[in-house]
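Work through these exercises with the sequence and the model side by side. Try each task before reading its solution.

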Amino acid sequence: MNTVVNSTAGAPAVPARRALALRVPNGRALLLVVLPPVLGLAMLVLVWQLVSANNSNFPSPLVTWEAAVQLFADPFYSNGPNDQGIGWNILASLERVALGFGLAAAAGIPLGFLIGRSRFLAGMCNPIVSLLRPVSPLAWLPIGLLVFKAANPAAIWAIFICSIWPMIINTAVGVQRVPQDYMNVARVLNLSEWKVFTKILLPAVLPYMLTGVRLAIGTAWLVIVAAEMLTGGVGIGFWVWDEWNNLNVPHILIAIVVIGVVGLVLEQALVALARAVTYEESGS
């Protein structure tokens, strides 16, 4: 085919076959994007089916699906404080995560900026962060119960203490990696500390800060499930433990999927936020 397509007058001629390829998505590339996840999920379901076939106590994918249809037919029912739908349990866990995570961000991000800007504060805080960061968040739960004398504040405290370290560390590292030339120019122009923060530090540190936020939200969602198993009350972690006590294994498997999906949605939301507000991502 020698037909040519001229989009505008004076523009170079483009072969029709090439012009068609530019308009039509590459089928092979699309296949490479879609096929691997589908095959991975299919392999997971196959392994699940094989395990259930060899263990009568382990529910099959079909049995779990039927239980999920019934469960999500009315996810927000309420028959008292100890018998509520999975929707209420998810919302209760998200509320605790939001409170603990929000408090950690309000404290950790400004502290990270201060540590990054001051060598003296960095020297004071680095040993404390290095000492306390490796401690399991659940080890802090008894301290929360002792101090607050209630399960709900103790769970929020556990989320706070596990979420604050990634935000402090990543924000401080971002501040320390701001090119010194930028700060020298700020001194020459005699910029105020507020101008230095808003015009130089914040745009440069934002990618590091959002990385810390992403790490913190993933850790917070992991911790709340374990904390609620220990503290009880309404929440997805307590719901999983309660279903185990009732030997309702299909509901436990459903909860595992729900926890994974919610964690994935939280992380992808922060990824989208990072792409929207950082120069590196928005320009690519």
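The exercises below go from the overall fold to single residues.

This is a predicted model, in which local features need pLDDT of at least 70 and side-chain atom pairs count only at pLDDT 80 or more, while totals for chains, interfaces and linings use all residues. Residues are numbered from 1 along each chain as its sequence is written, and side-chain values use heavy atoms, with hydrogens and water left out.

**Exercise 1. The fold**

Task: State how many helices and strands the chain has, and give their order.

Solution:
- Step 1. Take helices (H or I, at least four residues) and strands (E, at least two) as DSSP runs, numbered from the N terminus.
- Step 2. Count them: the chain has 12 helices and 2 strands.
- Step 3. Read from the N terminus: the order is β-β-α-α-α-α-α-α-α-α-α-α-α-α.
- Step 4. Add burial, where buried means under 20% relative accessible area, exposed over 50% and partly exposed in between (1.4 Å probe, protein chains only). Of the 284 residues, 35% count as buried.

**Exercise 2. The salt bridges**

Task: Find the salt bridges and say which helices they link.

Solution:
- Step 1. Look for a side-chain nitrogen of Lys or Arg within 4 Å of a carboxyl oxygen of Asp or Glu. The whole structure holds 2 such salt bridges.
- Step 2. Take Arg96 and Glu228, whose closest N and O atoms are 2.6 Å apart. Arg96 sits in helix 4 (residues 86-117) and Glu228 in helix 9, so this pair links distant parts of the chain, 132 residues apart.
- Step 3. Check their burial. Arg96 counts as buried because its relative accessibility is 11%. Glu228 is buried too, at 1%.
- Step 4. Take Glu267 and Arg214, with closest N and O atoms 3.4 Å apart. Glu267 belongs to helix 11 (residues 249-277) and Arg214 to helix 9, so the pair ties together parts 53 residues apart in sequence.
- Step 5. Check their burial as well. Glu267 is partly exposed at 33%, and Arg214 is partly exposed at 34%.

**Exercise 3. Two helix pairs**

Task: Are helix 9 and helix 10 oblique or roughly parallel to each other? Do the same for helix 4 and helix 7.

Solution:
- Step 1. Fit axes as lines to C-alpha atoms, for helices over the stretch in contact, with angles from 0 to 180 degrees between N-to-C directions.
- Step 2. Sort the angles: under 35 degrees is roughly parallel, over 145 roughly antiparallel, 65 to 115 roughly perpendicular, and the rest oblique.
- Step 3. The axes of helix 9 and helix 10 come within 6 Å and cross at roughly 50°. Helix 9 and helix 10 are therefore oblique.
- Step 4. The axes of helix 4 and helix 7 come within 6 Å and cross at roughly 30°. Helix 4 and helix 7 are therefore roughly parallel.

**Exercise 4. The nonpolar patch**

Task: Which residues form the nonpolar patch on the surface, and which elements give two or more of them?

Solution:
- Step 1. Keep residues with over 30% relative accessible area and no salt bridge; like charges are joined within 9 Å, nonpolar side chains (Val, Leu, Ile, Met, Phe, Trp, Tyr) within 5 Å.
- Step 2. List the members: Leu138, Met229, Leu230, Trp241, Trp244 and Leu247, with about 620 Å² of accessible area together. Areas come from the Shrake-Rupley method with a 1.4 Å probe; for residues, only the protein chains shown count as cover.
- Step 3. Find the elements: helix 9 (193-231) and helix 10 (236-245) each give two or more residues.
- Step 4. Place Leu138: it is in the loop between helix 5 (119-132) and helix 6 (141-148). Leu138 counts as partly exposed because its relative accessibility is 30%.

**Exercise 5. Positive phi**

Task: Where do Lys149 and Leu247 lie, and are they buried or exposed?

Solution:
- Step 1. Recall the background: most residues other than glycine have a negative phi.
- Step 2. Lys149 has a positive phi near 55°. Lys149 is in the loop between helix 6 and helix 7 (151-176), and at 70% relative accessibility it counts as exposed.
- Step 3. Leu247 has a positive phi of about 55° and is not a glycine. Leu247 is in the loop between helix 10 and helix 11, and is exposed at 63%.
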